[in-house]
Amino acid sequence: MNAGRGRRSGPDQSRFWQGAVLGLCVGVTLALVLGLVAFVATRPTAPLAVTSTPEPRAAGPVEASIDITAEHLGDLKVAVEAQVSAPGSYDPITKGQVVAYTDMVAMPMMHRQGPIVLAEVAGRPGVYQGQATVDMVGEYNVTVEVKQPMAAKADRRVDVGPVSPG
């Protein structure tokens with residue numbers, strides 16, 4: 001009675017499912033190969049930085065140029081010298097407000113010291129010096145900041161050993 005309306009069983013139905021599974025496998029394999037080729041063929045690029053509207057900058061350069069010399073003196077003492085000059089002309093900047101910070105590279109912010117006021121050296125315009133005593137042996141990042149008359153910041157690394165260098 002319901003021979004034409006019921007589910008078919010037999011070779012026709014099993015062939016359908018075999019074809020469906022085979023088609024699915026071939027499709028997934030092709031998609032995987034295409035994805036692999038695209039992955040290998042494209043070069044990575046740096047992500048684009050999301051920025052807001054840039055702040056207007058004053059005409060001309062505004063940052064000072066800083067050349068830092070940091071030296072381990074022994075007994076966990078570090079001498080810091082900064083040559084500060086005007087951008088472009090490299091004229092020495094005198095009577096500036098210059099400070100330094102020391103921070104242990106292996107343990108950031110744990111052994112940070114500063115601000116260490118750097119004083120201008122008499123007879124050497126634009127040269128500022130100071131001294132810091134660090135907490136322990138290790139590599140330190142020395143950051144020098146010029147606060148006035150124009151802002152600037154620079155870093156230098158120094159290795160503080162257990163004995164006096166030399």
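Start with the aromatic rings: in this predicted model, the count comes to 1 aromatic pair. Select F16 and W17 to see the two partners, which sit edge-to-face. Put a distance between the ring centres and you should read 5.1 Å, with 75° between the planes. Those two numbers are what you want for any such pair, since aromatic rings are described by the distance of the centres and the angle of the planes. Now switch on a surface: are F16 and W17 buried or exposed? F16 is exposed, and W17 is too.

Next, zoom out and show the whole protein chain as a cartoon. You'll find 1 helix and 7 strands. Trace the chain along its sequence and the order reads α-β-β-β-β-β-β-β, with the helix ahead of the strands.

While you have the full view, colour by burial. Of the 166 residues in the protein chain, 26% count as buried. The protein chain exposes about 12,300 Å², and carbon and sulfur atoms supply 59% of that area. As for contacts with a separation of 6 or more, 58% of them in the protein chain come from residues 24 or more positions apart.

For a single example of distant positions meeting, go to strand 1, residues 65-74, and pick G74. Then add V163 to the selection. How far apart are G74 and V163 in sequence and in space? They are 89 residues apart in sequence, yet 5.9 Å apart in space, C-alpha to C-alpha. Stay on G74 for a moment: it counts as buried because its relative accessibility is 3%, and the cut-off for buried is under 20%.

Now move to strand 5, residues 127-133, and bring up strand 2, residues 77-85, with it. These two strands run antiparallel and are joined by 7 bridges. To look at one residue pairing, select V80 and find its bridge partner, G130, in strand 5.

Keep strand 5 on screen and add strand 4, residues 113-120. Strand 4 and strand 5 also run antiparallel, with 2 bridges joining them. Which residue in strand 5 is the bridge partner of E120? That's Y128, so label both E120 and Y128 if you'd like a marker for this pairing.

Last stop: the turn. Strand 4 and strand 5 form a hairpin, with 6 residues between them. Click on G123 in that turn and check its backbone angles: phi is positive there, at about 85°.

Terms used. Residues are numbered from 1 along each chain as its sequence is written. This is a predicted model: local features need pLDDT of at least 70, side-chain atom pairs count only at pLDDT 80 or more; totals for chains, interfaces and linings use all residues. Side-chain values use heavy atoms; hydrogens and water are left out. Helices (H or I, at least four residues) and strands (E, at least two) are DSSP runs, numbered from the N terminus. Buried means under 20% relative accessible area, exposed over 50%, partly exposed in between (1.4 Å probe, protein chains only). Contact means heavy atoms within 4.5 Å. Accessible areas come from the Shrake-Rupley method with a 1.4 Å probe; for residues, only the protein chains shown count as cover. Rings of Phe, Tyr and Trp (its six-membered ring) pair if their centres lie within 6.5 Å; planes under 30 degrees apart count as stacked, over 60 as edge-to-face and the rest as tilted. Two strands pair if DSSP finds at least two bridges between them.
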